[in-house]
Amino acid sequence: MADLGEVDQVDVDAFTAIKLRCIAYSIGSILLGIGLSSIWVVAGIVVILAGVVLLCIVVPWSPNAEETPKNSNSALSRAVVLIDEFMRSSFLLLNSLAQKGYHAWQEKRERAKKAMEEQRLQEEGEKLSRLAQTQQPILDQQNREQKIIDKRQYLLQNLQDPKFPIPAISCEAELEPGEECYWYHVGAVFASDGDLRGPQSSIGTLILTDQRIVFCNKDGYAPELSIEHIIQIQANADELRISGKSKSATGAYWTQDIILFEAFLRAAIRVAKDVYAPQPEGSRSRHIAESVKRKVFKRDKGQCVYCGWREELHFDHVIPFSRGGANTIENIQLLCKRCNLTKSDDI
Ligand SMILES: [Zn+2]
C-alpha cells in the first residue's frame with residue numbers, strides 16, 4: 001500500500017504537463033542552438049548539447065519509474081514554476097544574444113558587401129581607364145589616318161576642277177620669287193631614260209612647283225623639266241613616267257603617292273597651259289583665266305602697279321586686247337579704277 005500511496009501522491013496530469021513542457025524546452029533549445037551556431041558556433045553547440053541532455057533526461061520519465069522524482073503535487077507545482085522561470089529567462093537571454101549576434105552579423109555582411117562592391121567598381125574603373133589608355137593612341141592614330149585619307153580624297157577630287165587653287169606648301173628648296181611648291185618628297189626615286197651621264201636610278205628629293213619638276217640628289221645631280229615642256233605623263237602602279245623636251249628629266253619617277261602626285265602634276269600642267277598657251281585664232285576672247293588672275297594678283301602683291309591703291313582693282317591688258325594683246329601673265333597687270341581710266345586716256 002505504501003508503494004501505491006506514493007504513486008497516488010503523483011498527479012499524473014501535472015506530471016505529463018511537466019514532461020511535455022520539458023520536451024518542448026529541449027527541442028526548442030536544440031533548434032535555437034542550430035540557429036545560434038550559424039552566428040556563434042561555440043554558444044550554438046553548448047545550447048544544442050543542453051537541449052539534447054535535457055531531452056535524454058526527460059524522455060525516460062514516467063510516473064512509476066524508479067529514477068523519476070516522486071514528489072507531492074505542491075513540490076511538482078513549485079518545480080514547474082521554477083523550471084518555467086528558469087527557461088523563460090534563459091530563452092530571453094539567448095534571444096537577446098541571438099538578436100545582437102544577428103544584427104552584428106548583418107552589419108558585417110553589409111560592410112563586406114559594400115567593400116566588395118566598392119572594390120568591384122574600382123577594379124572596373126581601373127580596367128576601363130587602362131582600356132581607354134591603350135585604346136586612345138589607337139583611336140588617335142585612326143583619326144589621323146582618316147584625316148589624311150579624307151584630305152587626299154578631297155585633293156584628288158578638287159584638283160580636277162580648273163577653278164580650284166592648287167594648294168601650295170612651304171619647302172626647303174630655293175625657288176624663284178613667286179614660285180609655288182606643290183610637292184616636296186625627300187626620298188623619291190628617279191630613273192632617267194635619256195641622260196646617259198646621270199646614274200641609272202637615284203634616290204633624292206622630288207620637287208614639283210607651278211613652273212617645273214626638279215629632282216636632286218646629294219651628289220648635285222639635278223635634272224629639271226619645265227611644266228610647259230612636258231609632253232606626256234603616264235602613271236603605272238608605282239611610278240610615274242614623264243617625257244618632256246628635256247632629255248635629262250625624262251624617265252620614271254617614284255614618290256610616296258603616285259596617284260596624288262599625278263593629280264597635282266596634271267593640275268599644274270593645266271594651269272601652265274592656261275597661262276602660256278597662245279590664244280587660238282577665232283576663239284579670241286577677253287576672258288582672263290582664273291589661274292592667270294591668281295598669278296598676276298600675287299605678282300603685283302594685290303595692289304595697283306601704278307599707285308599702290310588696294311581697292312577697286314581691275315585686271316588690265318598691258319597691250320590692249322583690241323590691239324591683239326594676249327590674256328597671258330606677261331600682258332596682264334593689276335590697276336585701280338582711276339589709273340585704269342587715266343591709262344585709257346593716254347592711249
Ligand atoms: Zn592706281
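This passage describes the fold, the core, the zinc site and selected contacts of a predicted model.

The chain comprises 347 residues, of which 32% are classed as buried. Its secondary structure consists of 7 helices and 9 strands. Among the contacts in the chain with a separation of 6 or more, 53% join residues that lie 24 or more positions apart.

The largest nonpolar core contains 33 residues. Within this core, the members that touch the most others are L208, I213, I227, I230, I242, F264 and L265. Helix α4 (73-158) and helix α5 each supply at least two residues, as do the strands β1 (181-192), β2 (202-209), β3 (212-216), β5 (230-235) and β6 (240-244). The greatest contribution comes from α5, which gives 11 residues to the core. Around L208, leaving out residues up to four places away in sequence, the touching residues are E180, C181, Y182, W183, I213, I227, F261, F264 and L265.

T209 is located in strand β2. Its relative accessible area is 0%, so T209 is buried, the limit being under 20%. The residues touched by T209, again not counting those up to four places away in sequence, are L175, E179, E180, C181, Y182, I227 and A268. In addition, the T209 side chain reaches the backbone nitrogen of Q211 at 3.0 Å.

The structure holds 7 aromatic pairs. One of these is formed by Y154 and F164, whose ring centres are 5.8 Å apart. The planes of the Y154 and F164 rings stand at 80°, so the pair is edge-to-face. Y154 belongs to helix α4, whereas F164 lies in the loop between α4 and β1, and the pair links distant parts of the chain, 10 residues apart. Y154 is partly exposed, with a relative accessibility of 46%, while F164 is buried at 14%. Ring pairs also link Y182, W183, F261 and F264 into a cluster. Of these residues, F264 is listed among the core members that touch the most others, and W183 is among the residues in contact with D257.

D257 occupies the loop between β7 (251-254) and α5 (258-276). With a relative accessibility of 16%, D257 counts as buried, because the limit is under 20%. Apart from its neighbours within four places in sequence, D257 is in contact with R152 and W183. The contact with R152 includes a polar contact between the two side chains, at 2.4 Å.

The zinc ion has four cysteines as its protein donors, C304, C307, C336 and C339, each through its SG atom. The donors lie 2.1 to 2.4 Å from the zinc ion. The angles among the 4 donor atoms are 103 to 116°, and the site is tetrahedral. The ideal angle for four tetrahedral donors is 109.5 degrees. In sequence, the donor residues follow the spacing C-x2-C-x28-C-x2-C. Distant parts of the chain are linked by the pair C307 and C336, which are 29 residues apart. C307 is in the loop between α6 (290-299) and β8 (313-317), and C336 is in strand β9 (residues 332-336). The two residues fall in separate accessibility classes: C307 is partly exposed, with a relative accessible area of 47%, whereas C336 is buried at 3%.

Two further residues lie in helices. S89 is part of helix α4 and is partly exposed, with a relative accessible area of 36%. The side chain of S89 reaches the backbone oxygen of E85 at 2.7 Å. L31 is placed in helix α2 (residues 12-37). At 56% relative accessibility, L31 counts as exposed, because the class begins over 50%. The C-alpha atoms of L31 and V47 are 8.9 Å apart in space, and the two residues are 16 residues apart in sequence.

Key:
Residues numbered from 1 in each chain as written. Predicted model: local features only at pLDDT ≥ 70, side-chain atom pairs only at ≥ 80, totals over all residues. Heavy atoms only, no water. Donors = N, O, S within 2.8 Å, 3.2 Å for Na, K, Ca; no water. Tetrahedral: all angles 85-135°; square planar, octahedral: opposite > 155°, others 65-115°. Helix = DSSP H or I, 4+ residues; strand = E, 2+ residues; numbered from the N terminus. Buried < 20%, exposed > 50% of the residue type's maximum accessible area, 1.4 Å probe, protein only. Polar contact = N/O pair within 3.5 Å; in protein donor to acceptor, adjacent residues only side chain to side chain. Contact = heavy atoms within 4.5 Å. Core = buried A, V, L, I, M, F, W, Y, C linked by side-chain atoms within 4.5 Å. Phe/Tyr/Trp six-rings, centres within 6.5 Å; stacked < 30°, edge-to-face > 60°.
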